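Here is a short set of exercises to work through with the viewer open. Try each task yourself before reading the solution beneath it.

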Amino acid sequence: MKSLVTIPILLSLACGGCWGSLAAQQPPSSGPVSISLEDAIKRAQSSSTAFAAANTDAQVVQSERTIARSALLPNVVYHNQYLYTQGTGAPNGFRFIANNAVHEYISQGSMTETIGGAALADYRRTTADAAAARARLEVARRGLVVTVVGNYYGVFAADAKLAVAQRALDEANHFGSITGKRESNGEVAHADSVRSDLQIQQRQRDLNDAKLAADHARLDLGVLLFSDPTTPFTLTTSMAELPALPGRSDIEAAAMAHNPDLNAAMESLHAAQLGVTSARLGYVPDLALNYSYGIDSAQFAVHAPDGSRNLGYSGSVTFDIPVWDWFATHSKVHESVVRREQARIELTAAQRQLIASLREAYQETEVSLDQLHLLDTSVQSARESLRLTNLRYTSGEGNVLEIVDSENTLVQAESSRADGAARYFNALATLQTLTGSMPR
């Protein structure tokens, strides 16, 4: 029982330490942090695990390219060795015929170069792999940008709905005061006051839900931007100015030239083709060249006891012809061919997907822009309808149900307008992921 009591205490202490470390990472701030869309993207890139993984892969593949390139260049080492062999007792006599003296010192600089087609093909393959990794990194970056844009303008939409809910509550309270005065003057029935109270209660519930949704939207964005998601911030970019929608022909041309998914598939196919070439070059002989300069003598000195120089050089040329490897090279060729066919299928699928995604994204952006213009008109009409209905009710010509209906219509129109603006920005960001014309 004691251990069961101790566990929650330890957990609470551990969590307290975690929150303390998070708080320590946050610099003391005098107010909310101002965040533009570009700032949000940069902050998200520094904290996103998926983007960091793609960036790591790109750097690792670039290092592999450097390693493959070094295999094409001469390799230089300085070799130092001392060999001791048991002697026979006779002058300069030693027991092992493979050695040259009882005491043998080797200190040589050696340069080796291997010439073979497989190494060149491997270097070209790693170059293609590096290009494909960079394209995949761009895919991850654009996907992250879409997520940031969605959450960024989601905060705008949530704040706009919160403002709509607050205005609707103020309007309901104002209408309630008018209804109460008219009832006290005997101009309307008590049912109007009851209906007005119900409307106020509904608007209060809507305001509470809007506040909760706005807090959730800010937390979703804060998770992407800060180590402490509860950090207060303000957004400097607005949805007041709508960016224009480019023409379809311009979008298609940019997508074909700058789409990272298509570039990654093309580079992967290129790398797979070079992999086949590298595997087949395993049947080709390799030429190895070696040049050494230094000493290999019984004295660790430049001159021997008789005055001759121990320093000298030697060279060798080796021509290795592959004869039999138990079908290892054959299996490597088969494996590379299978991978090449898979890469070709993936490229074809990426081309088809690009055409479909481009068409869908453009249509979504086009329709959302048209819908946004219609929503602007609907908001203006709903505001005018509520104004006229209030005048009619004040003059005794309308009834409470008309007021409630007009208020509901305006709230719905304004909320839909906020969602419509966010929808357009999200659709435009998705379209820009296909063309490469999005902020960094």
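## Exercise 1: Charged pairs

Glu138 and Arg142 are both buried. Keep in mind that this is a predicted model.

**Task.** Work out how Glu138 and Arg142 are placed in the chain and what their side chains form.

*Solution.*
- Start with the place in the chain: Glu138 and Arg142 both belong to helix α4, 4 residues apart, which is about one turn of the helix.
- Next, look at the side chains: Glu138 forms a salt bridge with Arg142, and the closest N and O atoms are 2.7 Å apart.
- Then bring in the surroundings: Glu138 and Arg142 are each buried, which means that their relative accessible area is under 20%.

**Task.** Find which parts of the chain the salt bridge between Asp159 and Arg218 links.

*Solution.*
- Check the contact: the side chains of Asp159 and Arg218 meet in a salt bridge, at 3.2 Å from N to O.
- Place the partners: this pair links distant parts of the chain, with Asp159 in helix α4 and Arg218 in helix α5 (residues 190–225), 59 residues apart.
- Classify Asp159: a relative accessible area of 26% makes Asp159 partly exposed.
- Classify Arg218: with 23% relative accessibility, Arg218 counts as partly exposed too.

**Task.** How many salt bridges does the structure hold, and which residues do shared partners join into one network?

*Solution.*
- Take the total: there are 16 salt bridges in the structure.
- Pick out one further pair: the side chains of Arg340 and Glu341 meet in a salt bridge at 3.7 Å, N to O.
- Classify Glu341: its relative accessible area is 34%, so Glu341 is partly exposed.
- Follow the shared partners: Asp122, Arg125 and Asp129 are joined into one network by salt bridges.

## Exercise 2: The largest pocket

**Task.** Describe the largest pocket by its volume, the helices that line it and the character of its lining.

*Solution.*
- Begin with the volume, which is about 280 Å³ for the largest pocket.
- Go to the centre: 14 residues line the largest pocket, and the closest to its centre are Arg125, Ala271, Gly275, Ser336 and Arg339.
- Assign the lining to helices: α4 (117–184), α7 (260–280) and α8 each supply at least two residues.
- Find the main contributor: α7 gives the most to this lining, with 6 residues.
- Sort the lining by character: 4 residues are nonpolar, 4 are polar and 6 are charged.
- Connect this with the first exercise: Arg125, one of the residues closest to the pocket centre, also belongs to the salt-bridge network with Asp122 and Asp129.

## Exercise 3: A nonpolar surface patch

**Task.** Which residues form the nonpolar patch on the surface, and where do Phe319, Trp326 and Phe327 lie?

*Solution.*
- List the members: Phe319, Ile321, Val323, Trp324, Trp326 and Phe327 form the patch, and together they have about 830 Å² of accessible area.
- Place Phe319: this residue is in strand β6 (residues 312–320).
- Place Trp326: it is found in the loop between β6 and α8 (328–394).
- Place Phe327: the loop between β6 and α8 holds this residue as well.
- Test the exposure of Phe319 against the cut-off of over 50%: its relative accessibility is 51%, so Phe319 counts as exposed.
- Repeat for Trp326, which counts as exposed because its relative accessibility is 69%.
- Repeat for Phe327, which is exposed because its relative accessible area is 51%.

**Task.** What is the sign of phi at Trp326 and at Phe327?

*Solution.*
- Trp326 is not a glycine, yet its phi is positive, at about 55°.
- Phe327 is not a glycine either, and has a positive phi of about 65°.

## Exercise 4: Sequence and space

**Task.** How far apart are the C-alpha atoms of Glu360 and Leu431, and those of Thr389 and Glu407?

*Solution.*
- Glu360 is found in helix α8 and counts as exposed, because its relative accessibility is 55%.
- Glu360 and Leu431 are 71 residues apart along the chain, and their C-alpha atoms are separated by 9.0 Å.
- Thr389 is also in helix α8, but Thr389 is buried, with a relative accessible area of 9%.
- From C-alpha to C-alpha, Thr389 and Glu407 are 9.5 Å apart in space, and 18 residues apart in sequence.

Methods:
Residues numbered from 1 in each chain as written. Predicted model: local features only at pLDDT ≥ 70, side-chain atom pairs only at ≥ 80, totals over all residues. Heavy atoms only, no water. Patch = residues over 30% accessible without salt bridge, like charges linked within 9 Å, V, L, I, M, F, W, Y side chains within 5 Å. Areas by Shrake-Rupley, 256 points an atom, 1.4 Å probe, with all protein chains shown as cover. Salt bridge = Lys/Arg side-chain N within 4 Å of Asp/Glu carboxyl O. Buried < 20%, exposed > 50% of the residue type's maximum accessible area, 1.4 Å probe, protein only. 1 Å grid on protein atoms, 1.4 Å probe; cavity = no way out; pocket = protein on both sides within 12 Å on 5 of 7 lines; lining within 4 Å. Points joined across faces, edges and corners; volume = space filled by probe spheres on them. Nonpolar A, V, L, I, M, F, W, Y, C, P; charged D, E, K, R; others polar.
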